[in-house]
Structure formats: C-alpha cells, structure tokens
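User: Could you walk me through the packing in this one? I'd like to start at one helix and work outwards.

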Amino acid sequence: MQVGDRLAYRPAEPLTVILYPRRQFVELTASPYWAGGLFDGKLHLALESLQGARAATEEAVTHEYTHAVIDQLSAGRAPAWLNEGLALEFAARGTSVLQEEIASIRPDLMPLRSLHDSFLLLPPAAVRIAYVESRVAVRDLLAHQGLDRVRRLLRMLAGDQDFARVFETVMG
C-alpha cells in the first residue's frame, strides 16, 4: 500500500527531489556517512542509495517520501522516533531481521523521550539503536492503537506543540 493511501494524505504541491553522488550528498547536506537520504523540505538522496535492486530503490524513496508526508501532516512537530519509525515501517520489506536486531539492542534501549530530536545529532553508536527502537515502538503503536489513531495524532500535532498532551488525547 502506498504512503499517501496509508496516511490518507497527498501533498498539495510537488516535492523537489535532489540527487547527489555520495560525496556531494554528505558535503552539501552535512549528513553523516551512514545517511542515504535527508528531508528538509526537499528530498535529498544519495545516488548510491538508488542503485542496485529495484526493491532497495523503492525502499529508499518510500522512506524519504514518508518523512515529507509526516512533516506536512504534523507541521514538522512529529518526534523523530515517530517519524523514523513510520518511515522504516512503511518502507520495510521484511521483519525477520527486526527480531534479531531487537534482541541485540535490548540492553541499550533508550527512553523514547530521548529520541524526539533528529537522529543526525546522536553519537554513531546510538544511531542503530534509535532506528530499531523507533521501528519497534511504531509497530507496537500501530498494532495496539491502529493506523487511524496514528494519522489523527499526526494531524493534531499540527495544531499543538505539546506532544505528550496530544498523545494522551489521541491514544488515551
């Protein structure tokens, strides 16, 4: 299912997509070496993340496009863990690796409140943990609360900056 269908939203205006060779992507976006894309109002993608198997290309584009939609739906107020978790979940092709990753990070879990800001600011050792934890949190949220409530959460964040209050209102 497409991102727009799942979130019941389509951007009103076309999105700008900029493709870069890897070195230029890192230099011009000030992204860490591990990033393959970035959304800052425009979709910035390293060409290397789009080369190879069609499925990998679709995953990279879907991931970054999900960030764009979430940003517009929430007026940029979705916490990083929710934004990244949804992008990972919507772009995901499988779940078997996720179970192995969960087991490997369990001792190093971080509180979700510590994952509200951009993962680009995290120390390299914490990045993988933050992504896995975000995906698990979003998967659990979707399983127990449903996609309708997650959509409502994103829309309500656009009008209220207090994530805790909006989350409690929507999720009970």
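Analyst: This is a predicted model, and a good place to begin is H8, whose buried residues pack against H4, H6 and H7.

User: Which residues of H8 are the buried ones?

Analyst: They are Phe163, Val166, Val170 and Met171. Viewed down the axis of H8, these buried residues fall within an arc of 105 degrees, so they line one face of the helix.

User: And what does the face turned away from the buried side carry?

Analyst: That face of H8 carries Ala164 and Glu168, which are exposed.

User: What about the start of H8, and what follows the helix?

Analyst: At the start, a side-chain oxygen of aspartate 162 comes to within 3.2 Å of the backbone nitrogen of alanine 164, while glycine 172, with a positive phi near 80 degrees, follows H8.

User: Moving on to the largest nonpolar core, which residues touch the most other members?

Analyst: Of its 34 residues, those are Leu7, Trp81, Leu82, Leu86, Leu153 and Leu154. Two or more residues each come from H1, H3, H4, H6, H7 and H8, and H6 gives the most, with 10 residues.

User: What is tryptophan 81 in contact with, neighbours within four places in sequence aside?

Analyst: With those neighbours left out, the contacts of tryptophan 81 include Leu112, Phe119, Val138, Leu141 and Phe163.

User: Different spot: is threonine 66 buried or exposed?

Analyst: Threonine 66, which lies in helix H3, counts as buried because its relative accessibility is 0%. Leaving aside neighbours within four places in sequence, threonine 66 is in contact with Val3, Leu86, Ala87 and Phe90.

Key
Residues are numbered from 1 along each chain as its sequence is written. This is a predicted model: local features need pLDDT of at least 70, side-chain atom pairs count only at pLDDT 80 or more; totals for chains, interfaces and linings use all residues. Side-chain values use heavy atoms; hydrogens and water are left out. A nonpolar core is a set of buried Ala, Val, Leu, Ile, Met, Phe, Trp, Tyr and Cys residues joined through side-chain atoms within 4.5 Å. Buried means under 20% relative accessible area, exposed over 50%, partly exposed in between (1.4 Å probe, protein chains only). Helices (H or I, at least four residues) and strands (E, at least two) are DSSP runs, numbered from the N terminus. Contact means heavy atoms within 4.5 Å. The arc is that of the directions from the helix axis to the C-beta atoms. A polar contact is a pair of N or O atoms within 3.5 Å; within protein, one must be able to donate a hydrogen and the other to accept it, and residues adjacent in sequence count only if both atoms are side-chain atoms.
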